Amino acid sequence: MEKQTEFVNWLRSVAPYVHAFRGKTFVVAFPGELVTAGDLQVLAQDLSLLHALGIRVVVVHGSRPQVAEQLALRNVEARFHNGLRVTDSAALECAKEAAGELRLDIEAAFSQGLPNTPMAHSAIRVISGNFVTARPMGVIDGVDLQLTGVVRKIAADVIQPIMNAGGIVLLSPLGFSPTGEAFNLTMEDVAVSAAIALRAEKLIFLSETPMMTDAAGTEIRELSSHQAEAVLSAGFLSPEAAFYLASVVKACNAGVSRAHIVPFATDGSALLELFTHDGVGTMVTYENLESLRQATIEDVGGILKLIEPLEADGTLVKRGRELIEREIHYFSVIEHDNVIFGCAALYPFPKERMGEMACLTVNPEVQGQGDGDRILKHIETRAREAGLTKLFVLTTRTSHWFLKRGFVLAGVNDLPQDRQQIYNWQRKSQVLIKNLY
């Protein structure tokens with residue numbers, strides 16, 4: 001009975017992720033080292049499970065160790081500049097050979113369907129092709145990288161219908177120019193470009209590098225893109241880890257909501273990262289600090305101007321200037337050209353590890369553009385950083401908006417004790433609570 005209860009509790013705990021991920025596009029990239037380590041079959045099973053859950057999957061593979069093996073067989077010396085391969089014609093032939101073998105191995109891995117395996121009864125079609133247009137990288141620091149290239153365009157208009165039809169798209173680290181030339185690309189460049197072009201919900205790198213840590217050796221679990229840039233500037237990461245981190249920062253700054261760097265050495269690492277609260281890797285999220293930030297005392301006037309109409313019609317509880325000035329450190333704002341057009345406050349209740357999001361407001365002139373969701377995600381991030389596990393709101397008019405975003409109806413007795421004591425029974429606000437997974 002205990003094992004049955006654990007299973008039921010586990011299945012219920014992952015249900016919110018299943019609902020959130022269904023229909024979303026994930027770009028999953030892995031280096032050739034994963035194949036060398038013998039983990040391809042297991043990865044194919046895990047990605048097949050994502051596919052079965054309704055997630056649209058694009059797979060990008062690397063091939064560095066396989067190319068190195070081909071070069072060694074041909075007695076060709078490998079050349080690098082700043083971590084990038086200098087690809088002459090001989091190295092390009094090795095890259096083609098490696099990519100061809102890996103493509104066949106990956107397609108075979110997704111074709112398995114033996115009984116008593118995670119892929120039983122699956123029928124997955126893996127589609128690959130000339131989906132990547134590339135151009136030469138050129139001369140860097142006086143070194144001609146020859147046939148090493150960078151992505152110029154991803155054929156998103158061709159890939160989307162394939163995913164719509166239930167196929168998994170496979171991209172290799174090779175690209176082609178309009179004149180028919182082939183170029184050797186980095187797996188990271190292809191993955192980032194694909195995630196941006198396809199407007200992917202997530203970019204996931206299954207890396208050969210260990211869990212990322214800071215200079216003191218503490219594990220780095222979550223970073224905003226600007227924090228990741230600071231980590232890169234500090235210079236304590238290994239070259240390999242820094243290359244991964246720079247790649248996910250590029251993706252996030254170009255619109256990818258979340259990017260993950262997950263060591264593949266852990267069995268089921270992709271599933272653990274996606275379907276557990278803490279994960280097993282490093283997640284980088286986009287946040288435009290120029291527009292979404294914690295409020296300062298100079299923002300009081302802008303906040304008052306924003307919330308006064310809602311206070312007048314009774315949507316929000318009235319707050320005077322003095323109260324907002326005292327509580328300004330609880331507020332976050334969105335601004336554009338120094339004009340505040342959105343705000344919210346987070347009031348923590350550390351004893352119960354809960355937080356109240358209050359005064360969520362977006363200027364009516366810009367509503368419907370997703371800024372309310374951006375503020376909510378920002379407040380959720382602040383709450384997690386403060387060690388809070390639940391977020392609650394009190395509302396009289398917008399309960400449906402919160403219900404659509406993972407909140408559930410609750411009662412006054414579910415609030416922190418201190419908040420219960422100041423609950424306004426005349427307003428009779430609805431209580432909604434969200435677990436911060």
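Me: Is the crossing of helix 8 and helix 9 left-handed or right-handed?

Reply: The crossing of helix 8 and helix 9 is left-handed. That word applies if the near helix is turned anticlockwise from the far one by less than a right angle, and right-handed applies if it is turned clockwise. The model is predicted, and local features need pLDDT of at least 70, side-chain atom pairs count only at pLDDT 80 or more, while totals for chains, interfaces and linings use all residues. Residues are numbered from 1 along each chain as its sequence is written, and side-chain values use heavy atoms, with hydrogens and water left out.

Me: What makes helix 8 roughly parallel or roughly antiparallel to helix 9?

Reply: The axes of helix 8 (residues 225-234) and helix 9 (residues 239-253) cross at roughly 150 degrees and come within 10 Å. Helix 8 is therefore roughly antiparallel to helix 9. The classes are roughly parallel under 35 degrees, roughly antiparallel over 145, roughly perpendicular from 65 to 115 and oblique for the rest. Axes are lines fitted to C-alpha atoms, for helices over the stretch in contact, and angles run from 0 to 180 degrees between N-to-C directions. Helices (H or I, at least four residues) and strands (E, at least two) are DSSP runs, numbered from the N terminus.

Me: Which residues in helix 8 meet which residues in helix 9?

Reply: Ser225, Ala228, Glu229, Val231 and Leu232 in helix 8 meet Ala242, Leu245, Ala246, Val249, Cys252 and Asn253 in helix 9. Contact means heavy atoms within 4.5 Å. By class, the contact of helix 8 with helix 9 has eight nonpolar, two polar and one charged residues. Ala, Val, Leu, Ile, Met, Phe, Trp, Tyr, Cys and Pro count as nonpolar, Asp, Glu, Lys and Arg as charged, and the others, Gly among them, as polar.

Me: Why are helix 3 and helix 5 described as they are, oblique or not, to each other?

Reply: The axes of helix 3 (residues 40-52) and helix 5 (residues 89-111) cross at roughly 55 degrees and come within 9 Å. Helix 3 and helix 5 are therefore oblique to each other. Helix 3 passes helix 5 in a right-handed crossing. Leu40, Gln41, Ala44, Leu47 and Ser48 of helix 3 make the contact with Asp105, Ile106, Ala109 and Phe110 of helix 5. This contact of helix 3 with helix 5 divides into six nonpolar, two polar and one charged residues.

Me: At what angle do helix 4 and helix 5 pack?

Reply: Helix 4 (residues 64-73) and helix 5 pack at about 125 degrees, with axes 8 Å apart. Helix 4 is therefore oblique to helix 5. The crossing of helix 4 and helix 5 is right-handed. Gln66, Val67, Gln70 and Leu71 in helix 4 meet residues of helix 5 including Ala91, Cys94 and Leu102.

Me: Which strands are the edge strands of the sheet with the order 5-10-2-1-13-15-16-14?

Reply: This open sheet has eight strands with mixed pairing. Strand 5 (126-128) and strand 14 (222-224) are the edge strands, as each pairs on one side only. Two strands pair if DSSP finds at least two bridges between them. Strand 2 (residues 56-61) and strand 10 (residues 168-171) have three bridges and pair in the parallel sense, with valine 58 opposite valine 169 in strand 10. Helix 3 packs on the sheet, and its direction makes about 155 degrees with that of strand 2. Helix 8 lies across strand 14 and strand 16 (282-285), at about 100 degrees to strand 14.

Me: What is the handedness of the β-α-β crossover from strand 20 through helix 13 to strand 21?

Reply: Strand 20 (residues 354-362) and strand 21 (residues 390-395) run parallel and are joined by three bridges. The crossover from strand 20 through helix 13 (residues 371-385) to strand 21 is right-handed. The term applies if, with the strands pointing away from the viewer, the path from the first strand over the helix to the second runs clockwise.

Me: In what sense do strand 21 and strand 23 pair, parallel or antiparallel?

Reply: Strand 21 and strand 23 (residues 430-435) pair in the antiparallel sense over six bridges. Leucine 432 in strand 23 is the bridge partner of valine 393, and lysine 434 is that of leucine 391.
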